[in-house]
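Biologist: I am new to this structure and would like a close look at one part of it. Could you take me through how the helices there pack, and then through the aromatic rings?

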Amino acid sequence: MHIAEGFLPPAHAVAWGVASAPFVVHGVRALNREVREHPESTLLLGASGAFTFVLSALKLPSVTGSCSHPTGTGLGAILFRPPIMAVLGTITLLFQALLLAHGGLTTLGANVFSMAIVGPWAGYGMYRLLRRYDVPLMVAVFFGAFVADLSTYCVTSVQLALAFPDPSSGFLGALGKFGSIFAVTQIPLAVSEGLLTVLVMRLLVQSSKGELTRLGVLVTGRQAQNGTEAVAR
């Protein structure tokens, strides 16, 4: 998913950075509030960030100028809501660009938009929808992580198609080509990420039940609707 350093035209790189900035700023405020009001959550926040860092560093070659890998953002979005995940994802992408040459500084805005913003929101939306209708927690977690992963790659395909439309078929043709190439590796990776996220959530239920209850994870049905109010804060 990480678009490589210098691969996007400058105007596109700047536009994606501008589009991402408000979400990250809002996320910083949400993160500061979470740490200030619930300092005991710092360990779980760190674990969510580490989960994203490790999974998204496992890259496989894919489309020229990009790659395929898990994202790991679904877990943090489910636990702490998408605004906070925007910050954790941005920090992850920044460190990977600086330390691993994975992604880049010029493409940071585009990568943040796809992996740290759209992915978490899409995954969290799917998770919350399923929980609203009393779907079992682990099933909702699986599909939340699965959708967070796939939606990230859908956005990356759009970003690449906008930057490099096909000479004959234009944007739609390029989108089809990028999307089909990503799908070969990304669908199996999304399934694997969903299963791994379920495993991690099972461990958290056993070891951090009180914290998960406070975060609203261990609720069902209409109780889950109350958790959506936290996203707007």
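Modeller: **Helix H5 and its surroundings**

In this predicted model, helices H5 and H6 pack with their axes 7 Å apart and at an angle of about 150°. Because angles over 145 degrees count as roughly antiparallel, H5 is roughly antiparallel to H6. The crossing in which H5 passes H6 is right-handed, and the residues of this contact comprise 16 nonpolar, eight polar and one charged by class.

H5 also meets helix H3, which covers residues 73-80, and here the two axes come within 8 Å and cross at roughly 60°. That angle makes H3 oblique to H5, and the crossing of H3 and H5 is right-handed. On the H3 side the contact is made by Thr73, Ala77 and Ile78, while H5 contributes Met115, Gly119, Pro120, Tyr124 and Tyr127. Sorted by class, the residues of the contact of H3 with H5 are six nonpolar and two polar, with no charged residue among them.

From the helices we can turn to the rings, where a search of the whole structure finds five aromatic pairs. One of these pairs is formed by tryptophan 16 and phenylalanine 113, whose rings are 5.0 Å apart centre to centre, with 50° between the planes, an arrangement that counts as tilted. Tryptophan 16 lies in helix H1, residues 10-37, and phenylalanine 113 lies in H5, residues 108-132, so this pair ties together parts that are 97 residues apart in sequence. Since buried means under 20% relative accessible area, tryptophan 16 counts as buried at 15% relative accessibility, and phenylalanine 113 likewise counts as buried at 17%.

Another aromatic pair is made by phenylalanine 142 and phenylalanine 146, and this one is stacked, with 6.1 Å centre to centre and 20° between the planes. Both of these residues belong to helix H6, which runs over residues 137-163, and they sit four residues apart, about one turn of the helix. Phenylalanine 142 and phenylalanine 146 are both buried, and together with Phe143 they form one aromatic cluster.

Taken together, H5 is the helix that packs against H6 at about 150°, that crosses H3 at roughly 60°, and that holds phenylalanine 113, the partner of tryptophan 16 in H1.

Key:
Residues numbered from 1 in each chain as written. Predicted model: local features only at pLDDT ≥ 70, side-chain atom pairs only at ≥ 80, totals over all residues. Heavy atoms only, no water. Phe/Tyr/Trp six-rings, centres within 6.5 Å; stacked < 30°, edge-to-face > 60°. Helix = DSSP H or I, 4+ residues; strand = E, 2+ residues; numbered from the N terminus. Buried < 20%, exposed > 50% of the residue type's maximum accessible area, 1.4 Å probe, protein only. Axes fitted to C-alpha atoms, helices over the stretch in contact; angles between N-to-C directions. Parallel < 35°, antiparallel > 145°, perpendicular 65-115°, else oblique. Left-handed = near helix turned anticlockwise from the far one by under 90°. Contact = heavy atoms within 4.5 Å. Nonpolar A, V, L, I, M, F, W, Y, C, P; charged D, E, K, R; others polar.
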